[in-house]
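Reader: Before I rely on any description of an interface, I would like to hear what stands behind each term. Could you take me through the terms one at a time?

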There are 2 protein chains.
Amino acid sequence: MDTRPIGVFDSGIGGLTVVKEIMKILPYEDIVYFGDTARVPYGSKSKETITKFAKQNSRFLLSKDVKAIVIACNTASALALEELNSEFDVPIIGVIKPGASAAVRATKTGRVGIIGTEGTVNSRAYEKMIRRLFKEVEIYALPCPLFVPLVEEGWAEKEVSYMIAREYLEPFKEFDVDTLVLGCTHYPILTNVIGKIMGDGVTLINPAEETAIELKSILFENGLQNTSKRNAEYSYYVSDNPDKFKRVGGNFLNREIENITKIDIEKY
Amino acid sequence: MDTRPIGVFDSGIGGLTVVKEIMKILPYEDIVYFGDTARVPYGSKSKETITKFAKQNSRFLLSKDVKAIVIACNTASALALEELNSEFDVPIIGVIKPGASAAVRATKTGRVGIIGTEGTVNSRAYEKMIRRLFKEVEIYALPCPLFVPLVEEGWAEKEVSYMIAREYLEPFKEFDVDTLVLGCTHYPILTNVIGKIMGDGVTLINPAEETAIELKSILFENGLQNTSKRNAEYSYYVSDNPDKFKRVGGNFLNREIENITKIDIEKY
């Protein structure tokens with residue numbers, strides 16, 4: 001039994017898709033969320049820079065006395081998880097391993113596709129993790145940099161989204177994957193578009209769901225779960241634009257966001 | 001006569017379009033460029049955050065003993081120019097005033113359109129400056145957030161660019177502007193697409209050209225020009241990804257980029 005909160009960080013707002021899954025299966029856990037909206041996006045930046053940002057984010061969350069840290073951002077999970085684990089003492093989990101396990105469970109033909117940011121794809125983190133679990137898998141990975149701004153523009157259901165998605169996804173149809181990992185927190189918002197283009201035969205993996213399940217086992221294995229059964233408390237911190245976070249984030253979370261505080265992350 | 005270099009900063013790589021114009025009309029001036037590639041983009045971030053970034057960028061350039069600073073980024077020019085001018089002693093110029101003057105000179109009907117990032121458009125900086133020069137002007141301004149990632153993806157000439165541009169530009173055709181300000185450093189790369197959609201009757205304004213001309217007059221007025229007639233030296237600093245800057249920046253500048261150094265901008 002441990003009533004300390006869970007810390008979650010992301011490059012911005014997308015990590016709320018992970019928070020939503022955690023709220024669902026761990027309803028008594030307090031959550032402290034940090035969205036790095038002043039330095040968003042992470043997807044196009046280097047390992048060195050992302051590691052530095054991820055360490056600052058973790059130090060901030062630890063200053064809020066969190067008992068575990070979830071890296072909701074695929075890019076930061078891919079590039080910084082190992083270094084964070086060697087520097088900090090609390091359990092730290094990323095979204096890559098849970099997403100990779102789900103892909104291995106889902107594939108029947110052993111042909112798996114991965115889409116994500118440049119940073120995530122170039123790191124080959126999903127690829128390495130999937131191959132560790134299933135040696136003979138065939139993997140095809142591709143960055144889709146326009147998907148994030150498309151979602152943030154609110155154009156997920158417009159014709160232009162289908163046009164861009166067709167452009168990006170054509171190689172996966174040729175490669176004949178039966179499983180596609182949505183390796184960026186924003187991509188699940190495009191599930192309809194991606195699903196229509198890939199067709200019914202392809203399973204789409206949302207790592208956010210798998211990550212919440214992984215978090216639950218880790219809390220229980222380490223006796224860290226909160227069994228107090230009182231209403232959980234949620235607090236949100238951002239490095240810029242709390243008003244925009246409140247407005248846009250509500251859609252990601254399907255609930256009103258209260259308790260947003262702006263902080264200077266460069267101090268941590 | 002002053003042989004110190006000119007300092008130019010931008011949120012990333014786009015400001016090189018301004019550097020290119022400066023090189024053209026001030027061929028004997030040394031230039032120190034800083035691209036804030038670790039914190040790019042600026043367009044969606046708040047005034048407070050952009051002002052903090054712009055001050056750090058200026059302090060860095062001043063540490064290189066620059067005699068004047070050009071803010072090549074429209075968003076930073078719109079949000080931070082005044083504060084920079086009150087904090088630092090060297091002449092500091094942004095791209096808004098030169099772009100606004102050019103629009104006023106170009107318009108015959110007095111109906112002017114402005115496109116830019118969210119930050120630039122919401123600041124109404126172009127609007128205020130244009131109205132100061134020409135009271136009776138009718139202005140219509142709109143952010144086009146997908147244009148930057150579209151250019152960075154290298155899709156400027158693809159069909160999807162026309163589709164997105166048609167979506168954004170329709171209101172300007174209805175509003176019947178005869179002049180359109182390309183109020184973001186990346187947008188001139190889309191000149192073909194925007195020109196085809198707007199038609200021959202609309203003049204497109206590229207503030208980069210106007211800014212270089214403004215810089216030239218300020219140097220001459222203040223006796224700051226370099227008349228030594230030896231080859232100019234150019235040095236480039238970025239806060240992340242020097243390799244990508246070298247690769248992509250060459251296209252913006254139409255010349256090879258040498259002398260790129262990565263720095264930690266948060267220290268300034």
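**Contacts between and within chains**

Author: In this predicted model, 26 residue pairs, both partners at pLDDT 80 or more, are in polar contact between chain A and chain B. On the chain A side, α2 (47–63), α7 (147–152) and α8 (159–175) each supply at least two of the residues that touch chain B, and α8(A) gives the largest share, six residues. By class, that side of chain A divides into 13 nonpolar, seven polar and 14 charged residues.

Reader: What makes K244(A) and E118(B) a salt bridge?

Author: The closest N and O atoms of K244(A) and E118(B) are 3.5 Å apart, and the rule asks for a Lys or Arg side-chain nitrogen within 4 Å of an Asp or Glu carboxyl oxygen, so the pair qualifies. Between chain A and chain B the count is twelve salt bridges.

Reader: How many residues does each chain bring to the contact, and how much area is buried between chain A and chain B?

Author: Chain A and chain B bring 34 residues each, a residue being included because it has heavy atoms within 4.5 Å of the other chain. The area buried between the two chains is about 2700 Å², with carbon and sulfur atoms giving 52% of it. Within chain A, the residues that lose the most area to chain B are L146(A), M163(A) and E266(A), which together make up 19% of what that side buries.

Reader: Why is chain A described as having two parts, domain 1 and domain 2?

Author: The description rests on a domain assignment, which gives domain 1 as 6–94 + 209–267 and domain 2 as 96–207. The centres of these two domains of chain A, taken over C-alpha atoms, are separated by 22 Å, and their contact takes 19 residues from domain 1 and 22 residues from domain 2. Between them, domain 1 and domain 2 of chain A bury about 1500 Å², 55% of it on carbon and sulfur atoms.

Reader: How do you know that R105(A) and E210(A) meet in a salt bridge?

Author: The N to O distance between the side chains of R105(A) and E210(A) is 2.9 Å, and the cut-off for an Arg nitrogen and a Glu carboxyl oxygen is 4 Å, therefore the pair meets the rule. Two salt bridges are counted between domain 1 and domain 2 of chain A, and eleven residue pairs are found in polar contact across that interface, with both partners at pLDDT 80 or more.

How values were computed. Residues numbered from 1 in each chain as written. Chains lettered and ligands numbered in written order. Predicted model: local features only at pLDDT ≥ 70, side-chain atom pairs only at ≥ 80, totals over all residues. Heavy atoms only, no water. Buried area = accessible area lost by both parts, 1.4 Å probe. Polar contact = N/O pair within 3.5 Å; in protein donor to acceptor, adjacent residues only side chain to side chain. Helix = DSSP H or I, 4+ residues; strand = E, 2+ residues; numbered from the N terminus. Nonpolar A, V, L, I, M, F, W, Y, C, P; charged D, E, K, R; others polar. Domains from an automatic or database assignment.
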